Amino acid sequence: MDDAMILSCGHSYGSNGMQHVYRMKACGKCGQPITEDSIRPNLALRLAVQAFRREEESAKTLKRRRDRLEQDKNGNDDPNPTELSRGKGVQYPFAVFDRVMIKGNKRTPERFVGRVAVVTAQCLNGWYVVKTLDNAESVKLQYRSLAKLTDSGGGGEPSAAVANSAQNASWL
Ligand SMILES: [Zn+2]
């Protein structure tokens, strides 16, 4: 309807409708006879059509933008699985009841270092409360100060400690 024409009867047509009007020499809507020189471009309708198009276009653009935003937002809210497991892997590498070796750091009391413990609580930011297996002492340590022990153990000293203290771990 960029080419809207208005007839003397007041009805408007686009170029397709006008073909009919020219053929019939009459308005297809009300049947009023039309002479070609009475046909005028309907500028108001053309403008309205253009405005409508623009609006539709910007609505589409808006929607596209909103969709994209939505996707971005979802991307952040709903972290993709690799991201999550990686984050978890770093920050929460241990679970309650996991056996760990206390590697310690410079603030770890000497007596804890090298001992085997069981995670009794998981705290925020990768901190864990662990209890030593041999004398059930609790200490709060960050994951960096801990190393996971697997049950297979690999035959090292820690697994021997685990085996020894496994029987008297009833304090758990
Ligand atoms: Zn008409």
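Is Ala 136 buried, partly exposed or exposed, with 16 C-beta neighbours inside 10 Å? Ala 136 counts as partly exposed, where buried denotes 20 or more other C-beta atoms within 10 Å of a residue's own, exposed 12 or fewer, and partly exposed the range in between, with C-beta atoms placed from the backbone.

The structure is a predicted model, in which local features need pLDDT of at least 70 and side-chain atom pairs count only at pLDDT 80 or more, whereas totals for chains, interfaces and linings use all residues. Residues are numbered from 1 along each chain as its sequence is written.

**Confidence and composition**

The chain has an average pLDDT (the predictor's confidence in each residue, from 0 to 100) of 82, and 76% of the residues score at least 70. Confidence is highest in strand 1 (residues 5-6), at 95, and lowest in helix 3 (residues 81-91), at a mean of 49. The pLDDT is below 50 over residues 81-89, and this stretch has 1 contact in the model beyond near neighbours in sequence; a contact requires the C-beta atoms of two residues, placed from the backbone, to lie within 7 Å. Where pLDDT is low, the predicted coordinates should not be read in detail.

The chain has 4 helices and 8 strands, taken as DSSP runs numbered from the N terminus (helices H or I, at least four residues; strands E, at least two). From the N terminus on, their order is β-β-α-β-α-α-β-β-β-β-β-α. Of the 172 residues in the chain, 16% are buried. Among contacts with a separation of 6 or more, 45% are between residues 24 or more positions apart. Helix 1 (residues 15-24) is hardly covered, with 0 buried residues among its 10.

**The sheet and its core**

Five strands form an open sheet in the order 7-6-5-4-8, with antiparallel pairing; strands pair if DSSP finds at least two bridges between them. Strand 7 and strand 8 (146-148) stand at the edges with a single partner strand each, so one side of each is left without a neighbour in the sheet. From one strand to the next, the twist averages 45°. Strand 4 and strand 5 run antiparallel and are joined by 3 bridges. Met 101 stands opposite Val 116 in strand 5.

The largest nonpolar core has 14 residues; such a core is a set of buried Ala, Val, Leu, Ile, Met, Phe, Trp, Tyr and Cys residues joined through C-beta atoms within 7 Å. Val 100, Met 101, Ile 102, Ala 117, Tyr 128, Val 130 and Leu 146 touch the most other members. Strand 4 (99-102), strand 5 and strand 6 each give two or more residues to this core, and strand 5 gives the most, with 4 residues. Not counting residues up to four places away in sequence, Val 130 touches several residues, including Val 100, Ile 102, Ala 117, Val 139, Leu 141 and Leu 146.

**Positive phi angles**

The following residues take positive phi values.

| Residue | Phi | Place |
|---|---|---|
| Lys 25 | about 55° | just after helix 1 |
| Asn 125 | near 60° | loop between strand 5 (116-122) and strand 6 (127-132) |
| Ala 136 | about 55° | loop between strand 6 and strand 7 (138-142) |

Neither Asn 125 nor Ala 136 is a glycine. Asn 125 is exposed, with 8 other C-beta atoms within 10 Å, whereas Ala 136 is partly exposed.

Conventions: Axes are lines fitted to C-alpha atoms, for helices over the stretch in contact, and angles run from 0 to 180 degrees between N-to-C directions.
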